[in-house]
Every structure is written in structure tokens, then in C-alpha cells.
Amino acid sequence: MKVLAILYNGFNAAVKEPRLLGTVENKINGLHREGTSSLVSSDKEGPNSDFEKHIVDAEVLITTPFHPGYLTRELIEKAKNLKLCVTAGVGSDHVDLNAAVDHKIQVLEVTGSNVVSVAEHVVMNMLTLVRNFIPAHEMIERGDWQVSDVARNAFDLEGKVIGTIGAGRIGYRVLERLVPFDCKEHLYYDYAKLPVEREQAVKARKVDDIEDFVSQCDVVTVNAPLHEGTRGLINEKLLSKFKPGAWLVNTARGAICDADAVAAALKSGQLRGYAGDVWNVQPAPKDHPWRTMKNPLGGGNGMTPHYSGTTLDAQARYAAGTKAILENYFEGREQEPADVIVGVGAWATKSYGQR
């Protein structure tokens, strides 16, 4: 049995910090056991990469959302031995899930391992944008001091309408954390309605039409998986329905937003700010428009590398979860149902679209 793991390089940081478990250097525990061979690499791009060379005879693939090995239908058709794909974290859109169903390849992820980490990051991003924090900090780094230049675009969360696209494990936790901020209203857009008591607990109201939803929000946060129904959801047309000067936070998946449309909306001022850590291609190209886009006042960009769900606390959770999934597989035991995205030849969840 061959186990292939595509992880990111930690370099000196991983040498000094052994809790960076999602790195090549400190590879997730449990990858190797008697009777198996394992290869751990960050090399994932192109036909001569370790990923494409070794996927052809691997039985198990492990990869992360932070440095994903993109498993296309073409690669799946070459991977004659592949039986299990494990996402060390949450979000398995780097796998062609329909092809996995067709080829009876199981796809699992460590459900819940990142939810607190990402929810906290979302709230941080909201505050960073709404309070105009980054331009204020950059001003200090430059040695300048002009309060009016930053205060003119700084606001409070209190009294604002906040909306989440997706009110599942992460989206709901975002709403929970916003309750003390005394926002004007919490809205959510989701295929499933929350139970009344859960709506009341976070003071949330469901809006069924996406254009109506964004038109009411001062801040929109995206907390939904990437699938056929959400890819490119936030495009030029939908952005035109946003409140002028709204803020948008996306820690879900970059491809849910049209990159050029977001950059244009920020430049024009239709969006006052955009923040997140997810990109439509990862690592992001050096010329990606989200690296340098600004609003008319020279701020509004809160982008970072993809790390919201890979804090050291989250890494401990997803490493333990990955190890448990592997042990279940090696021993022939049933997997935790919540971790299964694709079973043997069948979808096991509605999280990646209604099917």
C-alpha cells in the first residue's frame, strides 16, 4: 500500500516549531505503518511533479486546503490504485468529486477541525476592514501621523447589518461571535433553514433571494463550500446589487468570487473593502489582482495567505483527525459519518450542493 501526502514546505519555521504538523518537515503523524510505503512532498505542479508521478500507483492521497494537490478527473483516471482521498482540514473541492464518485474513490475530511479558527478569523477580518485598520498601521510604519486620513473611512460594527452566505458550522459560529457587537441585524442565505431556536439564539433572519440578501447587508461573509452552485457566485452582476460601500469577507474558497470583478468593485468603491485568505489558485500568482487592489482611498485590502484554518490549534485537530481516518481505513473500520464527503460510489453529504 502506498500513501502519498502533498503538504506545504515549512522550511526553517517548521524546524523551529514542531507543532507545524501540516508541513513536509513535520508530516502528519500516522502516515506510515508496517506494510505501507509513504511519500511526503510539496511538489504538485505539472506532469513531472511528485504529485502527478506518484498518484498513478498510490492507494491513499492526503493533501491540505492550504497547499492543495488538484486531483482532476484526468488524474483520477490514471490513478488505478487510488481508493481514499483525505483532506487534512476541511474543504475537498481540490478533488473532482464527481469523478471520485464515478471511480468509487472515497473522499473524507476532518469535519469540524477548523471551525473555531476560521470563525475567529472572519470576525477579525470584519473588524480589520470596518475599522480601516491596515491603512492606519501602514501609516505608522511609514512614520506618518494623520488621523483624519484613516478615521474618514473607519466605522463601528454596532448598528450594521451583517449577512453570511452559509450558516453551517462556520457561518453559525460567526453569528454567535457577533452577538455581543449589537449589530442591527444578522441575515443568512442558505439552502437549509435553521431551527427557530437557533435563529433566535443568534438573532438571525433567513433571506431566500441572493440579490435581496446582499442588497441589505453592510458586511457580507462567505462561509460556504465551493461546488458547481457556488463557483463564481459573487460576480460582476451580483456585486452591482451590493449596498454601495459594503465590505466583503471570504475565508471559504477564492473561486466563489470572480477575482477581476472583486478587484474592479473595490477600485470603483462599490466595495469599501475585501478581506480573506483564500485564492482561486493556491499559491496565488505574484500578479494576482487581489495582492495589490485598493479602494479609492488607498485601503480596503485585507488579503493574506491561506492560514485561517491552520492555526497551531487547528493543526493539532486535523492531524489527529487525519490519523484517525487512516487508522479506520487500515483496520477496515467504519469512518465517522460526518467526515465522509464521498463514499464508495455515492455522495454522502449535501454540503457540496443539492444532489
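A residue is called buried here when its relative accessible area is under 20%. In this predicted model, Val123 has a relative accessible area of 10% and is therefore buried. Val123 belongs to helix α5, and a look at its surroundings is a convenient way into the structure. Once the neighbours within four places in sequence are set aside, the residues in contact with Val123 are Val174, Arg177, Leu178 and Phe181. Taking Leu178 from this group, one finds that 55 residues separate it from Val123 along the sequence, while the two C-alpha atoms are 7.5 Å apart in space.

From this helix one can move on to the empty space in the model. Rolling a probe the size of a water molecule over the atoms shows where empty space is left. The largest pocket holds about 1100 Å³ of space, and 48 residues line it, with Gly168, Asn223, Ala224, Pro225 and Ser351 lying nearest its centre. Helix α5 returns here, since the elements that contribute two or more residues to the lining of this pocket are α5, α8 (169-178) and β13 (340-342). Sorted by class, the lining of the largest pocket is made up of 22 nonpolar, 19 polar and seven charged residues.

The enclosed space is a separate matter. The count of cavities of 30 Å³ or more comes to one, and the space in the largest cavity is about 70 Å³. Its lining consists of 13 residues, among which Thr128, Leu129, Asn132, Gly300 and Asn301 lie nearest the centre. Two or more residues of that lining come from each of α5 (115-130), α6 (133-142), β11 (271-276) and β12 (301-303). By class, the residues around the largest cavity are four nonpolar, eight polar and one charged.

Strand β11 leads on to the aromatic side chains. A pair of aromatic rings is described by the distance of the centres and the angle of the planes. The model has six aromatic pairs by this rule, and one of them is formed by Tyr274 and Trp290, a tilted pair with 4.9 Å from centre to centre and 45° between the planes. This pair links distant parts of the chain, as Tyr274 is in strand β11 and Trp290 is in the loop between β11 and β12, 16 residues apart. Why does Tyr274 count as buried? Its relative accessibility is 0%, so Tyr274 falls in the buried class, and Trp290, also at 0% relative accessibility, counts as buried because of that value.

Trp290 also pairs with Trp279: their ring centres are 6.0 Å apart and their planes stand at 45°, so this pair is tilted. Both Trp279 and Trp290 lie in the loop between β11 and β12, so the pair ties together parts that are 11 residues apart in sequence. Trp279 has a relative accessibility of 10% and therefore counts as buried. Taken together, Tyr274, Trp279 and Trp290 form one aromatic cluster.

Charged side chains are found over aromatic rings in this model as well. The charged end of Arg291 sits over the ring of Trp279, at 5.9 Å from the ring centre, which brings the account back to a member of the aromatic cluster just described. Elsewhere, Arg198 lies over the face of Tyr172, 3.8 Å from the centre of that ring.

Key:
Residues are numbered from 1 along each chain as its sequence is written. This is a predicted model: local features need pLDDT of at least 70, side-chain atom pairs count only at pLDDT 80 or more; totals for chains, interfaces and linings use all residues. Side-chain values use heavy atoms; hydrogens and water are left out. On a 1 Å grid over the protein atoms alone, a cavity is a set of points where a 1.4 Å probe fits but cannot get out, and a pocket is an open set with protein on both sides within 12 Å along at least five of seven lines; lining residues have an atom within 4 Å of a point. Grid points are joined across faces, edges and corners, and a volume is the space filled by probe spheres set on the points. Helices (H or I, at least four residues) and strands (E, at least two) are DSSP runs, numbered from the N terminus. Ala, Val, Leu, Ile, Met, Phe, Trp, Tyr, Cys and Pro count as nonpolar, Asp, Glu, Lys and Arg as charged, and the others, Gly among them, as polar. Rings of Phe, Tyr and Trp (its six-membered ring) pair if their centres lie within 6.5 Å; planes under 30 degrees apart count as stacked, over 60 as edge-to-face and the rest as tilted. Buried means under 20% relative accessible area, exposed over 50%, partly exposed in between (1.4 Å probe, protein chains only). A charge sits over a ring if NZ of Lys or CZ of Arg is within 6 Å of the ring centre and within 35 degrees of the ring normal. Contact means heavy atoms within 4.5 Å.
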